[in-house]
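Please open the structure in your viewer and keep the selection tool at hand, since this tour moves from one selection to the next.

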Amino acid sequence: VLKIDPDLVVAMKGLASNLMNQENHGLVPVGEGYGRAHEILEEALLVDPDSVQIHEGLGWLAIFHDSDLKTAAYHYRKALSLEPSDPEMIGAAAALLVHLSRPEEAIGPRRYALERDLLNPVGYSNLGSIYYFSGHWSEAIESYQRALELSPGYIGAHYFIGMCYLMKGEVDNAREAIMQEGDDEYRTKGTALVLNASGLTSEFQKTVAELAEHCGAQGPSEVAHVYAWTGDSDRAFEWLQKSAAEEEGAFNPIDPLLGPLRLDPRWQPLLHQIGKSSAQLDSIEFSVSLPR
């Protein structure tokens, strides 16, 4: 389509999304997919400065790749000013609220979007994630289970159900959920956490080493989560520093698995380093007004 009309904004957004997905799945080198996507979206913005889709795409990229929440807020404010009642945009804005460490505020916008697309498993999964970050384990489990009803085998749903059970101290239920996870990375990560909770130290060490080998380069914070939750704070901070150095935008400080690190004297300096200290986040103005 772009060969026919290189200025077609919708096609440009689609191409950018495909490039980001390719990098997420390891199909292109780290930085290549998101880097090219950023160039395309900026070009598209010159074509149509008032494109809600392009502002949403740039905001999403700013959150999940650049870890630049101030820029994300700018683009999301612009998109919401153009389409204040658009469910997709309001739902996307919920992700920014989560990364601003305001997950409770994200529940309303995410539910607003979901209620207008009740057969979309992605919506239930996204709501489940917000409940998970908010510490509402039972509600998160219910949301992920609904995603699985609509889309059996939905990637990550069994893993997060297992994490919720782990947080509730229900290790057997966590193990059962993790065993059903279809994604290798999620299953390996969840298995490591369950093995540790079961006191199987040697098996845990073998599994976390496997996790580091297979996904440490692409997602260092995933390895950090495991070490943080299992009490190895030194290794956790080593992996978080790798995440910060590689500007891995997916690193979210409010992830429950990172909870054991929050009293460590290294925690606040790390948050400041990645632009996510309380003061830095509080300085970013962003809110979502739900249509009546």
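**First stop: a serine in a helix**

Select Ser134, which counts as buried because its relative accessibility is 17%, under the 20% cut-off for that word. Bear in mind, as you look, that this is a predicted model. Ser134 belongs to helix 7, and, if you leave aside its neighbours within four places in sequence, you will find it in contact with Pro103, Glu104 and Ile107.

**Second stop: two helices side by side**

Now select helix 7 (residues 121-134) together with helix 8 (residues 137-150), which pack at an angle of about 165° with their axes 8 Å apart. Helix 7 and helix 8 are therefore roughly antiparallel to each other, and helix 7 passes helix 8 in a left-handed crossing. To see where they meet, display side chains including Tyr124, Leu127 and Tyr131 in helix 7, and Trp137, Tyr144 and Leu150 in helix 8. The residues of this contact divide into ten nonpolar, four polar and two charged.

**Third stop: the nonpolar cores**

Which residues touch the most other members of the largest nonpolar core? Select Leu96, Tyr132 and Phe286, which do so among the 79 residues of that core; helix 9 (residues 157-167) gives the most to this core, with nine residues. Then centre the view on Phe286 and, not counting residues up to four places away in sequence, look for the residues that Phe286 touches, among them Ala73, Tyr76, Leu80, Leu96 and Arg102. Finally, move to a second, separate core of 14 residues, which includes Met20, Tyr34, Leu41 and Leu61.

Conventions:
Residues numbered from 1 in each chain as written. Predicted model: local features only at pLDDT ≥ 70, side-chain atom pairs only at ≥ 80, totals over all residues. Heavy atoms only, no water. Core = buried A, V, L, I, M, F, W, Y, C linked by side-chain atoms within 4.5 Å. Buried < 20%, exposed > 50% of the residue type's maximum accessible area, 1.4 Å probe, protein only. Helix = DSSP H or I, 4+ residues; strand = E, 2+ residues; numbered from the N terminus. Contact = heavy atoms within 4.5 Å. Axes fitted to C-alpha atoms, helices over the stretch in contact; angles between N-to-C directions. Parallel < 35°, antiparallel > 145°, perpendicular 65-115°, else oblique. Left-handed = near helix turned anticlockwise from the far one by under 90°. Nonpolar A, V, L, I, M, F, W, Y, C, P; charged D, E, K, R; others polar.
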